[in-house]
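Visitor: I would like to learn how to read a structure like this one, feature by feature. Could you take me through the reasoning as we go?

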Amino acid sequence: MSGIAQVISYVAALGLAAAIPGPGMTALVARSVCGGAVSAFAMLAGLILGDLIYLTLAIFGLGVIGQTNDTIFTLINYAASLYLCLLSWQFWCSQPEAINIAQKTTNKELATAWFSGLTITLGNPKTIAFYLAILPLVISLDNVSLKMWGGMLVPVTVLVLLSVGAVFILAALRIRHLLASEKAERRLFRLAASIMILAASGMVIKNL
């Protein structure tokens, strides 16, 4: 990645893509309301790790698979769609309870939040599709090096996603007291479920 203009282009594209409400950010808002800041940032860490995995795959190999073997890429899309449908069903059928805002978060809940964030990102192949589309505009994938990957792309990606995610978390925490009732929590969960099922449907339709 060379030149300030290319860095700015990457940051702008990544920031905009992250800010558009999708399964990840919707789940992050729900986690912020239900679990508080610590739990939400644990989920955000998982979301970011998933992005870094897809970023790495896009740079070092999965792009070749996607271009040379459409069947494998299609199967990945279908598998991810099924997983999003499962998450959607779990959100829709969850039985909300009134939230105790003062309740402390356990280590098990933090681990669950982190793993949920990771699997939500890995279950959304639109993430790698984004990196496959944007990376050739800012770097030459043929000449990418470990130094460029670890010294530029990874830190910039983490910083952008952390900043955008923090905005969503802080905004959710500001209105957390308004969403702490069972009725409000049910609506939030079902909104998350609806967005996930729409994302899954979009991926299936795209492959028909």
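Visitor: Let us start with a single helix: which residues of α5 are buried?

Guide: In this predicted model, the buried residues of α5 are Ala113, Gly117, Leu118, Thr119, Ile120 and Thr121. One can also check the length of such a helix against an ideal rise: at 1.5 Å a residue, the 16 residues of α5 (residues 107–122) should span 22 Å, and the end C-alpha atoms are 23 Å apart, which agrees.

Visitor: Why does Thr121 count as buried, and what does Thr121 touch?

Guide: Burial is judged by relative accessible area, with under 20% taken as buried. Thr121, which is found in helix α5, counts as buried because its relative accessibility is 6%. Once residues up to four places away in sequence are set aside, Thr121 touches Leu47, Gly50, Asp51, Tyr54 and Thr127.

Visitor: How many helices and strands does the protein chain have, and how much of the chain is buried?

Guide: The protein chain has eight helices and zero strands, so the pattern along the sequence reads α-α-α-α-α-α-α-α. Buried residues make up 42% of the 208 residues, while the surface that the chain exposes comes to about 11000 Å², with carbon and sulfur atoms supplying 69% of it. Among contacts with a separation of 6 or more, 90% join residues 24 or more positions apart.

Visitor: What should I make of the span of α2?

Guide: The general idea is to compare the end-to-end distance with that of a straight helix. Helix α2 has 38 residues, yet its end C-alpha atoms are only 26 Å apart, short of the 56 Å that a straight helix would reach at 1.5 Å a residue. A bend of about 140 degrees is found in α2 at Gly36. As for burial, 27 of the 38 residues of α2 are buried, so this helix is largely enclosed by the rest of the structure.

Visitor: Where does α7 bend, and how does its span compare with the one expected?

Guide: Helix α7 (residues 146–174) has 29 residues and reaches 40 Å from its first C-alpha to its last, close to the 42 Å expected at 1.5 Å a residue. It bends by about 30 degrees at Leu153, with a proline, Pro155, following within four residues. The buried residues of α7 include Val160, Leu161, Val164, Phe168 and Ile169.

Visitor: What does Leu161 touch?

Guide: Leu161, which lies in helix α7, is buried, with a relative accessible area of 6%. Beyond residues up to four places away in sequence, Leu161 touches Leu14, Ala18, Leu44, Ile48, Asp51 and Tyr131. A sequence gap need not be a spatial one here: Leu161 and Gly15 are 146 residues apart in sequence and 6.9 Å apart in space, C-alpha to C-alpha.

Visitor: Which residues of the largest nonpolar core touch the most other members?

Guide: This core has 34 residues, and Tyr10, Leu28, Leu55, Tyr131 and Leu135 touch the most other members. Helices α1 (4–19), α2 (23–60), α5, α6 (126–138) and α7 each supply at least two residues of the core, and α2 gives the most, with 16 residues. Leaving aside neighbours within four places in sequence, Leu28 is in contact with Ala40, Met43, Leu44, Leu47, Gly165, Phe168 and Ile169.

Visitor: Which element has the lowest mean pLDDT, and which the highest?

Guide: Confidence should be read both for the chain and for its elements. The mean pLDDT of the protein chain is 75, and 66% of its residues reach 70 or more. Among the elements, helix α3 (residues 62–68) has the lowest mean pLDDT (52) and α7 the highest (89).

Key. Residues numbered from 1 in each chain as written. Predicted model: local features only at pLDDT ≥ 70, side-chain atom pairs only at ≥ 80, totals over all residues. Heavy atoms only, no water. Buried < 20%, exposed > 50% of the residue type's maximum accessible area, 1.4 Å probe, protein only. Contact = heavy atoms within 4.5 Å. Areas by Shrake-Rupley, 256 points an atom, 1.4 Å probe, with all protein chains shown as cover. Expected span 1.5 Å × (residues − 1). Bend = angle between axes of the 7 residues up to and from the residue. Core = buried A, V, L, I, M, F, W, Y, C linked by side-chain atoms within 4.5 Å. pLDDT = per-residue confidence, 0-100.
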